[in-house]
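Visitor: I have just opened this one and would like a walk through its empty spaces and its ring pairs. Could you take me through it slowly?

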Amino acid sequence: MKIQKLDGYTLITYKDIKLRDGVLVQGLPGIGLVGKIAVDYIVSSLDLEKVAELIGPGILLPAGNVGVFVTNQGELQLPSYKFYYYSGTERDFLFLTSEVQPTVWAQYEVAEKVLDLFVSLGGREVVGLCGTAIEEAETGVYYALATQRLGEKLESIGAKRSSGGTITGACGLLPALASLRGLDAFVLMGSTQTSEPNFAAAKEVIIAFSKLYGISISLEEIEKVINQIREKEEEAKKILEEAKPKEGEQLPSWYV
């Protein structure tokens with residue numbers, strides 16, 4: 001293990017790596033937790049090794065408080081960015097996940113620290129995975145580009161071009177800053193109508209990512225979770241329907 005101080009931040013390196021035509025794939029907490037679920041699932045499914053962690057004053061607890069997590073084993077754990085390595089057939093990947101987003105004032109400096117590390121390892125392309133709020137009940141994956149020439153490739157896997165709006169937080173910021181360094185960069189977004197964890201939207205993003213880079217990722221476990229959620233939703237819906245007063249019936253006097 002190697003520990004480096006980086007202007008107030010600390011980089012912990014567990015394994016030295018070099019990337020071939022490297023791709024950085026970021027998935028952090030956000031709307032529907034789509035990006036985080038997607039990256040965490042890919043890391044787990046491919047059984048990837050954690051190669052580095054970044055900690056520092058801009059990476060705080062979810063509410064923006066200074067502090068630490070306590071694990072189920074009673075161990076102290078600093079909030080951190082975690083990096084996982086995957087060696088592909090032709091190019092290598094660095095997956096970035098965390099329990100938190102950087103606090104608002106530190107979004108830029110944390111993103112630049114990540115890009116410094118990524119470029120030093122041989123990085124060439126940055127992908128942000130996240131969710132996007134779609135008013136209509138429409139499923140699918142949308143994209144936004146920092147590198148325009150990638151549009152045709154993204155269209156070929158069935159992704160739809162975003163028609164406008166904003167992307168808050170690190171999901172859009174990191175690719176946008178990456179493009180200023182001459183890196184290819186874009187965002188893939190799963191459509192969601194809820195702020196609750198959306199595993200179905202994450203699954204669509206995983207499928208799109210798999211097609212884009214030719215990485216085989218089993219969907220068996222995430223489909224189990226989706227089916228369990230749907231079963232519980234159907235059970236709740238049935239209970240609510242049965243609880244409704246029948247035609248001609250009145251609610252109890254104590255019911256408000």
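Visitor: How many cavities does a search of the whole structure find?

Guide: Bearing in mind that this is a predicted model, a search of the whole structure turns up 2 cavities of 30 Å³ or more. The largest cavity has a volume of about 40 Å³, and the second largest cavity comes to about 30 Å³.

Visitor: Okay, which residues line the largest cavity?

Guide: Its lining is made by Gln26, Tyr81, Pro102, Gln107, Val110, Ala111, Val114, Ala170, Leu173 and Leu174. Sorted by character, those lining residues divide into 8 nonpolar and 2 polar, with no charged residue.

Visitor: And which element gives the most to that lining?

Guide: Helix α2 gives the most, with 4 residues. Both α2, which spans 107-121, and α4, which spans 170-180, supply at least two residues of the lining of the largest cavity.

Visitor: What about the second largest cavity, what lines that one?

Guide: The second largest cavity is lined by Glu125, Leu150, Lys153, Leu154, Phe186, Leu212 and Tyr213. The helices α3 (151-156) and α5 (199-213) each supply at least two residues of this lining, and the lining divides into 5 nonpolar, no polar and 2 charged residues.

Visitor: Let's stay with glutamate 125 for a moment. Where is it found, and is it buried or exposed?

Guide: Glutamate 125 is found in strand β9, which covers residues 123-133. Its relative accessible area is 7%, so glutamate 125 counts as buried, the limit being under 20%.

Visitor: Which side chain does glutamate 125 join in a polar contact?

Guide: The side chains of glutamate 125 and tyrosine 213 are joined by a polar contact of 2.4 Å. Tyrosine 213 is also one of the residues lining the second largest cavity, as is glutamate 125. If neighbours within four places in sequence are left aside, glutamate 125 is in contact with Gly22, Val23, Leu24, Arg91, Phe118, Asp184, Phe186 and Tyr213.

Visitor: Changing topic to the rings: how many aromatic pairs are there?

Guide: The count comes to 6 aromatic pairs. One of them brings together tyrosine 86 and phenylalanine 93, whose ring centres are 6.0 Å apart with the planes at 50 degrees, so this pair is tilted.

Visitor: Why does that angle make the pair tilted?

Guide: Planes under 30 degrees apart would count as stacked and planes over 60 as edge-to-face, and the 50 degrees between tyrosine 86 and phenylalanine 93 falls under neither heading, so the pair goes with the rest, as tilted. As for its surroundings, phenylalanine 93 has 2% relative accessibility and counts as buried.

Visitor: And what kind of pair do phenylalanine 95 and phenylalanine 209 form?

Guide: Phenylalanine 95 and phenylalanine 209 form an edge-to-face pair, with 5.8 Å from centre to centre and 65 degrees between the planes. Phenylalanine 95 sits in strand β8 (residues 92-98) and phenylalanine 209 in helix α5, so the pair ties together parts that are 114 residues apart in sequence.

Visitor: Are those two buried or exposed?

Guide: Phenylalanine 95 is buried, with a relative accessible area of 0%, and phenylalanine 209 likewise counts as buried at 0% relative accessibility.

Visitor: Which residues form the aromatic cluster?

Guide: One aromatic cluster is formed by Tyr86, Phe93, Phe95, Phe209 and Tyr213. Tyr213 is the residue whose side chain makes the polar contact with glutamate 125.

Visitor: Now the pockets. How much space lies in the largest pocket, and what lines it?

Guide: About 490 Å³ of space lies in the largest pocket. The lining has 24 residues, and Gly131, Thr132, Thr166, Ile167 and Met189 lie nearest the centre of the pocket. Strands β9 and β10 (141-145) are the elements that give two or more residues to this lining, and β9 gives the most, with 5 residues. The lining divides into 12 nonpolar and 12 polar residues, with no charged one.

Visitor: And the second largest pocket, what lines it?

Guide: That pocket, with about 220 Å³ of space, is lined by Thr194, Glu196, Pro197, Asn198, Phe199, Ala200, Ile226, Ile229, Arg230 and Glu233. The largest share, 4 residues, comes from α6, and the lining divides into 5 nonpolar, 2 polar and 3 charged residues.

Terms used:
Residues numbered from 1 in each chain as written. Predicted model: local features only at pLDDT ≥ 70, side-chain atom pairs only at ≥ 80, totals over all residues. Heavy atoms only, no water. 1 Å grid on protein atoms, 1.4 Å probe; cavity = no way out; pocket = protein on both sides within 12 Å on 5 of 7 lines; lining within 4 Å. Points joined across faces, edges and corners; volume = space filled by probe spheres on them. Nonpolar A, V, L, I, M, F, W, Y, C, P; charged D, E, K, R; others polar. Phe/Tyr/Trp six-rings, centres within 6.5 Å; stacked < 30°, edge-to-face > 60°. Buried < 20%, exposed > 50% of the residue type's maximum accessible area, 1.4 Å probe, protein only. Polar contact = N/O pair within 3.5 Å; in protein donor to acceptor, adjacent residues only side chain to side chain. Contact = heavy atoms within 4.5 Å.
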